[in-house]
Each structure stands twice: as C-alpha cells, then as structure tokens.
Amino acid sequence: MSEPLLQAVDLQCERDERLLFRDLSFSIVPGTVTRVEGPNGSGKTTLLRILAGLNDAWSGQILWCGAPRSASREAFLRNTLYLGHRPGIKALLTPVENLRALTAGRRPLPEKVLRQALAGTGLAGFEDVPCRTLSAGQQRRVALARLLVADEPLWLLDEVFTAIDVEGVSAIESLLQQRAAEGGAVVVTTHHELQLPGMQRITLGEGGVS
Ligand SMILES: Nc1ncnc2c1ncn2[C@@H]1O[C@H](COP(=O)(O)OP(=O)(O)OP(=O)(O)O)[C@@H](O)[C@H]1O
C-alpha cells in the first residue's frame, strides 16, 4: 500500500466545552475516497477544517507525508485542495471570473480551460453572466468546476453534494472515483448516501474509523 499523504493521530477537539471527538486516528492514502459522516453538529466540518489547516483548536498530531504538517506547511498547502461547505463564489463575478479567482495562486490556466471546466459541470451558456443570477445548484457547480482543473493530490471536500441534482450527484461520484483511480486521495463530508467501492469511513458522534 502507498505511504499515507495525511495521518491524524489521537486527534481531540472541543467546542464550547463540548467534546466533539477524541482519540481519533486515521490515515489518508493515495488512491482512496474517505467519507466523514455523522449527525448534524457531530464535527464533520470542524474535522475537515482541522485537516485543511484552517482550525487550530485541536490537540494530537497531523502528519503530512510522514512528517509533522507544521514542518512542511508550504508543501501541504500546495498539494491540498479544500472546498468549503459554502460555494465561496462572488455574486457579482461571472463563473469564468470566479473560477479564475478560485485557481489564483496556482499556475495560471488559459481561459479556454476554465470554460471547458465550466461546461464540464453543466454551465455551458452561463459562463459570462453574474453569478447572482444563477440558481443555488448552478452556483455550487461553479465551485465544483475547480475540481476539473485540480492537480492537487489531496482533496478535502465539505458537503459538495448540497443543492446538486441527481445527475450532478452521479457525475461528482464518478469524478471522486476517477480521482482515486488516478492516485489522488479524497476526503468528503456528506449526508448524501455515498457508496463507493473500498471507501473508508470516519464516523463521528459514535466514534470509529472503518
Ligand atoms: N464558529 C463556531 N463557533 C463555535 N462553535 C461552533 C462554530 N461552528 C460550529 N460550532 C459547533 O461545533 C459543533 C460541530 O459543528 P460542525 O459544523 O463541525 O458539525 P457538522 O457535523 O459539520 O454539522 P452539519 O452536519 O450540521 O453540517 C457544533 O456543536 C457547533 O455548534
């Protein structure tokens, strides 16, 4: 088996004096999809933000490629894509402008590639309208187009199925599976009943990794 990209060792997190999880240990290995599951308020978003380096209120250890993440923060950030549970797009910008902004800090992509990615998420014909005129599902699709131009080996995705129609959900499932088949690693929080072959589960609220 490949070496883990990310390892969590004895993670513990409390919010408002309520213990969300403790003794939580798992490895995220290339070629896998991991679903973080649990009831509302069990800490899925909190865990994903901890893994993404966006929340410091935790104890335990997080390793990136076998070394403490804090010692290789730049490499970790360069190789990790995080999509939060809000689409995170700007209402006044067009899908093309938003996707360019979402890829800022990476190697600049030709406009043609951005447009292809938007078409790939079902937004052909909507590339140049302000995003405020798009539906909730279409706005989510603008953010999801980021996945179609992603070369980061680790994806951390929070509730990416929200507001997406049945066909879109199926396309995202295929994309996650394809990403894993190509050697990427995907961690996804979702209430959607995601069932992928070989999928690892991190279950919060009840404890346990399976
Ligand atoms: N900004 C915040 N400040 C303080 N507590 C917070 C904050 N955000 C979330 N919490 C608390 O942390 C706990 C876990 O929240 P989190 O959003 O991680 O849960 P979740 O499992 O993702 O929930 P959901 O399924 O509803 O999205 C909740 O009890 C919540 O009240």
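User: Let's start with the first helix: which strands does α1 lie across, and at about what angle does α1 run to β1?

Analyst: Happy to begin there, and please keep in mind that this is a predicted model. Helix α1 covers residues 44-52. The helix lies across β1 and β2, and its direction relative to β1 is about 130°.

User: Which sheet holds those two strands, and what is the strand order there?

Analyst: β1 and β2 pair in the antiparallel sense over seven bridges. On its other pairing, β1 (residues 6-15) runs antiparallel to β4 (residues 59-64), joined by five bridges. β4 in turn pairs with β5 (residues 67-68) over two bridges, again in the antiparallel sense. Put together, this is an open sheet of four strands in the order β2-β1-β4-β5.

User: Which strands are the edges of that sheet?

Analyst: An edge strand here is one that pairs on one side only. In the order β2-β1-β4-β5, that description fits β2 (18-28) and β5.

User: Could you give me some register markers: which residue is the bridge partner of Val9 in β4?

Analyst: Gladly, and a few others help to fix the register. Between β1 and β2, Glu14 has Leu19 as its bridge partner, while between β4 and β5, Leu63 is matched with Pro68. Leu6 stands opposite Trp64 in β4. For Val9, the partner in β4 is Gln61.

User: Which residue takes a positive phi in the hairpin of β1 and β2?

Analyst: Two hairpins of this sheet are worth a look. The one formed by β4 and β5 has two residues between the strands, and there Cys65 takes a positive phi near 50°. The hairpin of β1 and β2 also has two residues between its strands, and the residue with a positive phi near 50° is Asp16.

User: Which element gives the largest share of the shell around the ligand?

Analyst: The residues around the ligand are Arg15, Asp16, Leu20, Gly38, Asn40, Gly41, Ser42, Gly43, Lys44, Thr45 and Thr46. Asp16 is thus a ligand neighbour as well as the positive-phi residue of the β1 and β2 hairpin. By class, the shell has one nonpolar, seven polar and three charged residues. Its largest share, three residues, comes from α1.

User: Moving to the other sheet, what is the order of its five strands?

Analyst: This sheet is open and its pairing is parallel. β7 and β8 (residues 185-189) share five bridges in the parallel sense, with Asp158 opposite Thr189 in β8. The edge strands are β6 (80-83) and β9 (200-203), and the twist averages 15° from one strand to the next. The full order is β6-β7-β8-β3-β9.

User: How do α3 and α4 stand to each other, roughly parallel or roughly perpendicular?

Analyst: The axes of α3 (residues 95-102) and α4 (residues 111-120) come within 10 Å and cross at roughly 110°. Angles of 65 to 115 degrees count as roughly perpendicular. The two helices, α3 and α4, are therefore roughly perpendicular.

User: Which residues of α4 make the contact with α3?

Analyst: From the α3 side come Pro95, Val96, Leu99 and Arg100. By class, the contact has six nonpolar, no polar and three charged residues. The α4 side consists of Glu111, Leu114, Arg115, Ala117 and Leu118.

User: What separates the centres of domain 1 and domain 2?

Analyst: The domain assignment gives domain 1 as 1-79 + 153-210 and domain 2 as 80-151. The contact takes 19 residues from domain 1 and 14 residues from domain 2. Taken over C-alpha atoms, the separation of the centres is 23 Å.

User: Which element gives the most to the side of domain 1 that touches domain 2?

Analyst: The elements that give two or more residues to that side are α1, α2 (73-78), β7 (154-158) and α6 (166-181). By class, the side has 12 nonpolar, four polar and three charged residues. The top contributor, with five residues, is β7.

Notes: Residues numbered from 1 in each chain as written. Predicted model: local features only at pLDDT ≥ 70, side-chain atom pairs only at ≥ 80, totals over all residues. Pairing = 2+ DSSP bridges. Near = placed C-beta within 6 Å. Nonpolar A, V, L, I, M, F, W, Y, C, P; charged D, E, K, R; others polar. Axes fitted to C-alpha atoms, helices over the stretch in contact; angles between N-to-C directions. Parallel < 35°, antiparallel > 145°, perpendicular 65-115°, else oblique. Contact = placed C-beta atoms within 7 Å. Domains from an automatic or database assignment.
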